[in-house]
Structure formats: structure tokens, C-alpha cells
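The exchange below asks how particular descriptions of a structure are justified, and each reply sets a value against the criterion behind it.

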Amino acid sequence: LRYTHLFFDLDHTLWDFDRASEATLRSLWEEYNLASRGLSDFEAFAASYARHNEALWTRFRTGQIGREELRWKRHWLALLDFGLADSRLAYELSAGYLELLPTQKFLVPGAPELLAHVVDRYRLHLITNGFATTQWQKLSAAGIAHYFEEMITSERSGSVKPRREIFEFALRTCGADCGGSLMIGDAVDVDIAGALGAGMDAAWYNPNRLPRGVHKPTYEVARLEELMPLL
Ligand SMILES: [Mg+2]
């Protein structure tokens, strides 16, 4: 076998963040009866939240905002899109969202099969920009926590994907060398560019067949199952 260690991204790679987030927002939308407060179209609300969340995560990754601002502003801005300037409601939605989201069990199609296929052949770890307690909750809820030895987070490493420091920290922590390690992730400019920059091989899970741009992943697959014959 060419590799000893496999490093996985979690959100959108193994754990189906989009389905989980939508289910969480729908629960909150019902609990807070948001339809009666001007947010009658759930799909539009969810799309607005997703847009603001993505933009704020980009700012978080580049150090322009902190964790707390990221967490509540995505709700505040989504509510604002519907004319609801209610900061208290935004804070309540934020707290509810953080509590409920990691209890969702949705996995990306093929993730259970892939993990079962590789667990006896490699040592498995996670490299995630998410928060450790939240990420462990997701793994436990989805029943896949037992597959992983180490979870490398931004807080633990003092760095953030795609910076090379977090990948080097991961290699050191796991006793791995870059030649024997493969990173598997969905974000080409975060997971893939970062891993390649640290000298690791990288497999890009690209279900939406996005253009790869300047990056040259070692492997590219549209379904996780396509990694099984390679590993
Ligand atoms: Mg991801």
C-alpha cells in the first residue's frame, strides 16, 4: 500500500452538511414559527442562510472575523434579508442551530462503505476547520467516531486549512510523513491546495464536477465509492 495514513475532511466530505443544516433550519423554522413572522418561504430562508454562512466562513478562514461573529451573524443577516431586524431572535436561532446541527446523522453517500473499506488498511484521522466538540458530536451521531484516531482542528493546531502549518501539525501529531499520507476532501482550494502545499497527495471529492482551476489533485472522484479501488 502506498499510504499509511488517510486524513479526511469532515463537512461535505463524510458528513452531509447540507442535508443536516437544512433539517436543522427546518426544525428551528417550525419551533420559532418563523412563517408567521415574514419568512413564509422556507426554501428561500434556507438559501439565504447558506449564502451568508459561506461568505462568513470565508472571512473566518482568512482571519477577518472570529468564531462568535461567524456564529450569530449568519442568522442575523438571513433574517435581515426578510426584513426582520431582530438580534435576540438571531442569537436564539444561533444557539438552537449549534445545539441541533451536530445531532443530525446524515452521511455523504458512499461514506460508510468507504470507511469500512479503508479502516483495516490505513490509520484514519480528520483535519477540520470546524470546532472539536461539534465535530465529535457529528461523528458520534452518525456512528463513525470509532474509525478515527486523531482529529486535527484549527484550535488545536493554531492554524487553519489551507495553510501548510495545520497539515504539518497533523503529520507530526499522527507520526506520519507526507509521502505516506493522503488527504481526502471536497474543497479544492482548502483541502486539496493545502495538502499539496504541505507535500501530501490529495484526493478531491468533487460531486458537482466543479472546474479544478490551477490545482492538480492526485486523484479526483465524483463519488466516494470511486476511491475504493484506489485504496
Ligand atoms: Mg469540507
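**Reasoning from values to terms**

Q: Why is Phe45 called buried?
A: In this predicted model, Phe45 has a relative accessibility of 2%, and because buried means under 20%, Phe45 counts as buried.

Q: What makes Phe82 partly exposed?
A: The relative accessible area of Phe82 is 24%, and since partly exposed covers the range between 20% and 50%, Phe82 is placed in that class.

Q: Why is the aromatic pair of Phe45 and Phe82 called edge-to-face?
A: The two rings lie 6.2 Å apart, centre to centre, which is within the 6.5 Å that defines a pair; their planes are 70 degrees apart, and an angle over 60 degrees counts as edge-to-face. Phe45 belongs to helix H2 and Phe82 to the loop between H3 and H4, so the pair ties together parts that are 37 residues apart in sequence.

Q: Why is the pair of Tyr49 and Tyr97 called tilted?
A: With 5.1 Å from centre to centre, Tyr49 and Tyr97 form an aromatic pair, and the 45 degrees between their planes is neither under 30 nor over 60 degrees, which leaves the term tilted. Tyr49 lies in helix H2 and Tyr97 in helix H4, so this pair ties together parts that are 48 residues apart in sequence. Both Tyr49 and Tyr97 are buried. A search of the whole structure finds ten aromatic pairs, and ring pairs also link Trp57, Phe60 and Phe131 into a cluster.

Q: How do you know that the span of helix H2 agrees with its number of residues?
A: Helix H2 runs over residues 42-61, and at 1.5 Å a residue its 20 residues should span 28 Å; the C-alpha atoms at its ends are 28 Å apart, so the two values agree.

Q: What puts the buried residues of H2 on the same side?
A: The buried residues of H2 include Phe42, Phe45, Tyr49, His52, Leu56, Trp57 and Phe60. They cover an arc of only 165 degrees around the axis, which puts them on the same side of H2. The buried residues of H2 pack against helix H1 (17-31), helix H3 (67-80) and helix H4 (87-100).

Q: What is found at the start of H2, and which residue follows H2?
A: At the start, a side-chain oxygen of Asp41 comes to within 3.1 Å of the backbone nitrogen of Glu43, which is inside the 3.5 Å limit for a polar contact. Gly63 follows H2, and its phi is positive, near 80 degrees.

Q: Which class, buried or partly exposed, fits Ser94, and which fits Glu92?
A: Both residues lie in helix H4, Glu92 as well as Ser94. Ser94 has a relative accessibility of 6% and therefore counts as buried, whereas Glu92, at 28%, counts as partly exposed. Not counting residues up to four places away in sequence, Ser94 touches Arg71, Trp72 and His75.

Q: What makes Asp9, Asp11 and Asp186 the residues that coordinate the magnesium ion?
A: Asp9 (OD), Asp11 (O) and Asp186 (OD) coordinate the ion at 2.1 to 2.2 Å, and because a donor must lie within 2.8 Å of the metal, these atoms qualify. In sequence the donor residues are spaced D-x1-D-x174-D. Asp9 and Asp11 are buried.

Methods:
Residues are numbered from 1 along each chain as its sequence is written. Side-chain values use heavy atoms; hydrogens and water are left out. Donors are N, O and S atoms within 2.8 Å of the metal (3.2 Å for Na, K and Ca); water is not among the atoms, so sites may look incomplete. Buried means under 20% relative accessible area, exposed over 50%, partly exposed in between (1.4 Å probe, protein chains only). Helices (H or I, at least four residues) and strands (E, at least two) are DSSP runs, numbered from the N terminus. The expected span of a helix is 1.5 Å times one less than its number of residues. The arc is that of the directions from the helix axis to the C-beta atoms. Contact means heavy atoms within 4.5 Å. A polar contact is a pair of N or O atoms within 3.5 Å; within protein, one must be able to donate a hydrogen and the other to accept it, and residues adjacent in sequence count only if both atoms are side-chain atoms. Rings of Phe, Tyr and Trp (its six-membered ring) pair if their centres lie within 6.5 Å; planes under 30 degrees apart count as stacked, over 60 as edge-to-face and the rest as tilted.
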